[in-house]
Every structure is written in structure tokens, then in C-alpha cells.
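Here are a few short exercises to work through. Have a look at the molecule first, then try each task before reading its solution.

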Number of protein chains: 2
Amino acid sequence: MTDSKNLIETIYNPNSELWSAPKDFKRHQFLLEAGQIETQLYYILDGAVRVFFVAEEQEHTIRLGYTNNVINALPSFLSGKPSTLYIQALKKTTVKIAQKEDLLRLKDATNQNLIMWSKMLEDVFLQQFDREKDLLTSSPEERYNRVLKRSPQLFQEIPAKYIADYLRMTPETLSRLKKS
Amino acid sequence: MTDSKNLIETIYNPNSELWSAPKDFKRHQFLLEAGQIETQLYYILDGAVRVFFVAEEQEHTIRLGYTNNVINALPSFLSGKPSTLYIQALKKTTVKIAQKEDLLRLKDATNQNLIMWSKMLEDVFLQQFDREKDLLTSSPEERYNRVLKRSPQLFQEIPAKYIADYLRMTPETLSRLKKS
């Protein structure tokens with residue numbers, strides 16, 4: 001791979017040399033399980049995944065990914081520690097995979113790429129801050145509206161059960177809000 | 001300021017040229033109010049602050065800072081958009097102030113500083129992920145223990161009322177957990 005390539009263009013182009021051949025996951029198959037160290041990035045060509053952790057015997061869905069999203073278990077990817085997060089296909093899902101070492105080499109190759117990497121981390125932080133505000137929003141309707149505004153496509157791509165979990169409401173409440 | 005200086009050493013040294021003369025804030029005075037754009041970073045020489053936002057007519061304390069912490073309203077600082085966050089002194093507080101333009105110039109000065117800036121953003125993201133897990137933890141005792149392990153000093157430095165708000169429990173529950 002030519003290391004002078006633009007970091008963001010390379011990541012968001014599934015045909016760039018960063019990405020592997022397509023790989024299929026069956027519905028409910030895991031891309032990553034808790035305890036493993038995340039060393040990959042996934043480009044979703046087709047399908048949908050959720051990122052969740054288990055605490056107090058409960059699953060908590062904290063991220064959702066669908067076609068054309070790039071996703072991974074970022075805390076483990078950045079820290080190098082075992083993941084507390086699972087990534088699971090919600091339907092038959094085809095991804096391409098990038099390796100951490102290739103991504104880091106690309107990032108470190110030019111000053112411009114280092115600056116882009118910072119910009120991506122800033123964006124991830126700002127998304128995470130939005131999520132913190134979602135979690136502190138007590139009205140289910142307000143939570144639904146915040147996420148609908150931010151990610152309208154999510155409601156087309158992800159089974160309602162997992163959206164309800166992400167929004168911390170029952171599927172019945174979600175169904176009622178979608179109709180209103 | 002010499003721009004070849006090490007970013008992290010300069011930020012965490014309150015006597016570096018990055019920082020202003022000390023400035024005092026009275027108890028309950030605001031360092032920043034919602035609607036303003038955050039263009040500063042604060043080094044707390046002495047005292048304590050909280051960062052909060054108001055939603056659904058309720059205040060939500062999302063960060064706490066005390067002596068030797070560096071803090072600001074980071075979402076607005078990074079995005080350049082008006083802050084949804086307030087920063088308020090919880091007691092008489094003395095800070096030094098750094099300006100965004102000086103910080104950005106220092107960050108861009110060397111490759112090493114760009115890499116350090118990325119590292120700081122990664123750390124901030126990992127802290128924010130811990131906070132997301134806190135918020136999804138339903139047991140007050142478990143939330144208390146997670147934060148006690150992460151930031152024991154917090155319980156010496158911050159009035160209990162604001163710690164309780166940060167932990168989303170009543171002051172009575174916090175007091176019971178501290179004794180047990």
C-alpha cells in the first residue's frame with residue numbers, strides 16, 4: 001500500500017488497498033467477543049451489527065452499524081486491552097476488514113494524515129458526548145427524537161428490538177413513538 | 001512562547017508560558033455559561049468546579065474538576081459551536097487560563113506534539129466510554145465503586161451534593177455508601 005494516501009479517503013473507500021476481500025457473517029454471529037483484543041476495523045458492505053456489553057446480567061446495546069458504516073470495538077482498539085464489548089451481526093452481514101497495523105502505518109505516514117486522525121478522534125468524542133446526553137435524557141420521546149434527527153437511516157436498517165435497547169425503551173414504546 | 005516545547009509537559013505545568021496569571025472565581029461564579037463558545041482551557045490551581053448542562057428543567061453534572069486538573073467545555077472547544085455546558089466554581093477557585101489559539105499553535109508545531117494531541121484525544125474518548133458505562137450501571141453501589149476506584153481524590157475535593165448528582169443518586173444514598 002502506498003503510504004502517502006489520504007487517511008480518510010482510504011478508510012471510507014471500501015475498494016482501497018486497506019480493506020480485505022469481503023467476509024460474510026451469519027445472523028447473530030460475532031465479529032468480536034468480549035475478552036478478545038480488537039485489532040481490526042470493519043467496513044459494512046451490507047447488513048447490520050450491534051455493539052454491546054453485558055453488566056449486571058443485562059445486555060446494553062451502545063452502538064449500531066449498517067451498510068457503509070465503519071465500526072469496531074474502539075476502546076480496545078485504542079487501549080490494546082481486552083474488549084468489554086461484543087460486536088454481533090443482526091442479519092446476514094458482509095464486511096471488509098482492515099488491520100490495525102496497516103491503519104496505524106497509514107496514519108503515521110504524513111503530517112496531513114496525523115491531523116486527519118486527530119479530527120476523526122474529535123468527531124468520535126463529540127458523538128460520544130451526544131450519547132452521554134441521550135443517556136441523561138429521561139423522556140423516551142425526547143431520546144427517540146434526538147436519535148431520529150441524528151441518524152434517520154438507522155430506523156430503516158436495524159431491527160426494532162435493538163433500536164429499542166439502544167434507546168432504553170420497550171419495543172412497544174418505540175412502536176408507539178414511530179407512529180405518532 | 002517557543003513552539004518546539006513538548007505539548008503535554010507544557011499543558012500540565014501551570015508555570016509554563018501557555019498559562020495566564022492566576023484568576024479568582026467566587027463560589028458559584030461561572031467560568032463559562034451555555035451559549036458562549038469555549039475558547040479556553042483552565043488549570044485549577046486551587047478549588048473545585050463542576051461541568052453541567054440543563055435539560056428538561058434539570059441540571060446534570062457530567063464532570064468534576066479539582067486542584068491540578070485541567071478542564072474546559074471540550075465539545076464547544078473542539079466544534080467551535082456554542083456550549084451547551086456550564087462550568088461553575090463550587091468554592092472559591094483559582095485558575096490559570098490558556099487560549100485555544102496558543103494551544104493549537106503548540107499542537108501543530110511539531111510532529112511529536114500532533115501525536116501527543118491524538119493520544120490526549122484517545123484518553124478523553126476512553127474516559128468518556130467509562131462514563132457511558134457508569135450511566136448504564138443501574139446499581140448505585142456499583143456506580144459509586146466504579147468512580148471511587150477511578151478517582152478516589154474526588155471524594156475529598158468536591159462537596160457531596162455534586163458528587164451525588166454526578167453519580168445520579170440522592171445525597172442520603174451517597175452518605176450511606178461512604179459509611180459502608
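**Exercise 1.** Leaving aside its neighbours within four places in sequence, which residues is Ile87(A) in contact with?

Before solving it, some ground rules. This is a predicted model, where local features need pLDDT of at least 70, side-chain atom pairs count only at pLDDT 80 or more, and totals for chains, interfaces and linings use all residues. Residues are numbered from 1 along each chain as its sequence is written, with chains lettered from A and ligands numbered from 1 in the order in which they are written.

*Solution.* Start with the cut-off: two residues are in contact if their C-beta atoms, placed from the backbone, lie within 7 Å. With those neighbours left aside, Ile87(A) has contacts with Phe30(A), Leu31(A), Leu32(A), Val49(A), Val51(A) and Ala73(A).

**Exercise 2.** Work out how chain A meets chain B.

*Solution.* Count residues first: chain A gives 26 and chain B gives 26. Next, find where they sit: strand S5 (58-66), helix H2 (74-79) and helix H4 (111-135) of chain A each supply at least two residues of that side (helices, H or I, at least four residues, and strands, E, at least two, are DSSP runs numbered from the N terminus). H4(A) brings the largest share, 15 residues.

**Exercise 3.** Check the radius of gyration of chain A against the globule rule.

*Solution.* The radius is taken over C-alpha atoms, and the rule is 2.2 Å times the number of residues to the power 0.38. For 180 residues, a compact globule would come out near 16 Å; chain A has 17 Å, so the two agree. Along its principal axes, the C-alpha trace of chain A spans about 50 × 30 × 30 Å.
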